[in-house]
Amino acid sequence: MTGALTSSSLKQQARLVGFDLCGVAPAADHPELKFYREWLDRGYAGAMAYLHRTADRRADVRKVVPSAQTVIVTGTLYNTDRPYSIEAADGGRAQIARYAWGDDYHDIIRARLESLLAWMREQSPERFEARAYVDTGPVQERVYAQHAGIGWIGKNTCVINPGIGSWIFLGAIICSLPLEVDAPSLDQCGTCTLCIEACPTQAIVAPGVLDATRCISYLTIELRGDIPEAQRVGIGSHVYGCDVCQEVCPWNASAPRPADPAWQPRPAWDRVDLLTLAEQTDEELTVALRGSPMKRTKVDGLRRNLAVALGNLPDGETSPEECR
Ligand code: B12
Ligand code: SF4
Ligand code: SF4
């Protein structure tokens, strides 16, 4: 507890600025942080060089903010009422990951974190150090989320909240204040292995261990240049990211579908088929990518993915050259 700023008042304010979940983890030597090095050493990060470059800092948030005592973690539900990719009867549908349908979460969540931080500075009688991150900072967000009671790290490696599931963006504020911390979340996967079995590319090599180099999300978003030929078939009709290991998860069976306009699908991606998307001009795609998380691959990357997905359609429907 710090003056008017308590964990409980912080959580109330987090709701007011638009977060569905908020918890506090100690900035401590959590055992799960240690898996990171081994994960890198096994080559699972592939070409994501930034994960190697920042490994020292990712080992412990106190290497980022030396005075850190706590990590405030937020969760924001981005589910919508659109069907899952595994429900699509039509193989010609362009599968785009749910998190990427709306506005860029980096911008939206960052603004909400900054607003929460500004409120904390108003409430706290003492000065404190803090740094807010969403996704791109040198923080193992999922580990701190688990220790902040946001949810457990499932066998699919996603953080799952028992009440609202795993369609959540995480955000983190590393903070020097000694706020009251939450109890860590407990693993509730039990004997279930649905995600491991359903992964189209066998990327979940053991419970909680993902070989990113096999993951469709990595292949379609993070990998630059050509997608290796042997890996193209597994991608199916996924043109940006993949949700299969979360779609099959029983904890998402009744996930709430908030009406937050930020996450509603942009018309360009909404249940669109591969050919329609491939026929968009570069200008049309550029406009649709503006302010969207999908701008990460740029138009060229999206066209590369479309070529692979079209190539995966049954013979005669189209040829990959058509969208080059
Ligand atoms: C790199 C990255 C990726 C990579 C690698 C993913 C991965 N699983 O590591 C790729 C590009 C594949 C990816 C994909 C996706 N990502 Co991503 N990604 C990240 C990022 C930037 C870093 C993650 C990281 O450090 N990975 C390294 C490994 C070691 O970490 P980890 O899996 O998180 O770690 C735990 C387990 O793997 C386990 N573990 C590891 N090794 C071992 C070994 C043993 C023996 C055991 C028992 C356990 C174990 O312990 C680790 C630590 O506890 C985070 C943001 C961040 N700064 O944290 C977002 C983040 C994890 N991604 C996110 C999202 C939304 C996705 C996608 C759903 C997007 C999509 N639909 O396509 C997919 C999900 C794929 C999946 N099943 O994970 C969200 C996840 C939210 C959530 N509810 O969990 C995050 C937190 C971004 C955010 N701020 O919201 N992502
Ligand atoms: S996101 Fe798709 S490819 Fe990656 S682990 Fe999950 S199911 Fe497998
Ligand atoms: S599908 Fe089953 S094993 Fe996989 S994360 Fe969900 S509950 Fe855990």
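**Notebook: strands, a helix and two ligands**

I began with the strands of this predicted model, and I found that strand E1 (residues 21-26) and strand E2 run antiparallel and are joined by six bridges. To fix the register in my mind I looked up one pair, and Leu21 stands opposite Gly75 in E2.

I then turned to the other partner of E2 that I had noted, and E2 pairs with E7 in the antiparallel sense as well, over eight bridges. Here the pair I looked up was Thr74, which stands opposite Gly171 in E7.

Next I asked myself how many residues of strand E2 (residues 70-77) are buried. The strand is mostly covered, since eight of its eight residues are buried. I also sorted them by direction: Thr70, Ile72, Thr74 and Thr76 point one way from E2, while Val71, Val73, Gly75 and Leu77 point the other way, and all of them are buried.

After the strands I looked at helix H5 (residues 105-123), which has 19 residues and reaches 27 Å from its first C-alpha to its last, close to the 27 Å expected at 1.5 Å a residue. I wrote down its buried residues, which are Tyr105, Ile108, Ile109, Arg112, Leu113, Leu116, Leu117, Trp119 and Met120. Seen down the axis of H5, these buried residues fall within an arc of 165°, so they line one face of the helix. I reminded myself that an α-helix has 3.6 residues a turn, so residues three or four places apart point the same way.

My next entry concerns ligand 1, which is surrounded by 38 residues, the closest being Glu141, Arg142, Asn156, Val159 and Gly208. By class I counted 22 nonpolar, nine polar and seven charged residues in this shell. Several elements each supply at least two residues of it, among them helix H6 (141-147) and strand E7 (168-175).

Which atoms of ligand 1 lie 2.6 Å from an N or O atom in the side chain of Glu141? I found a nitrogen atom of the ligand at that distance from Glu141, whereas an oxygen atom of ligand 1 is 2.8 Å from an N or O atom in the side chain of Thr157. With Leu170 the backbone takes part, as one of its backbone N or O atoms lies 2.9 Å from an oxygen atom of ligand 1.

I closed with ligand 2, and the residues around it include Cys199, Cys215, Cys242 and Cys245, together with Pro200 and Thr201. The shell around ligand 2 has 10 nonpolar residues, one polar residue and no charged residues.

Terms used. Residues are numbered from 1 along each chain as its sequence is written. Chains are lettered from A and ligands numbered from 1 in the order in which they are written. This is a predicted model: local features need pLDDT of at least 70, side-chain atom pairs count only at pLDDT 80 or more; totals for chains, interfaces and linings use all residues. Side-chain values use heavy atoms; hydrogens and water are left out. A residue is near a molecule or strand if one of its heavy atoms lies within 4 Å of it. Ala, Val, Leu, Ile, Met, Phe, Trp, Tyr, Cys and Pro count as nonpolar, Asp, Glu, Lys and Arg as charged, and the others, Gly among them, as polar. A polar contact is a pair of N or O atoms within 3.5 Å; within protein, one must be able to donate a hydrogen and the other to accept it, and residues adjacent in sequence count only if both atoms are side-chain atoms. Helices (H or I, at least four residues) and strands (E, at least two) are DSSP runs, numbered from the N terminus. Buried means under 20% relative accessible area, exposed over 50%, partly exposed in between (1.4 Å probe, protein chains only). Two strands pair if DSSP finds at least two bridges between them. The expected span of a helix is 1.5 Å times one less than its number of residues. The arc is that of the directions from the helix axis to the C-beta atoms.
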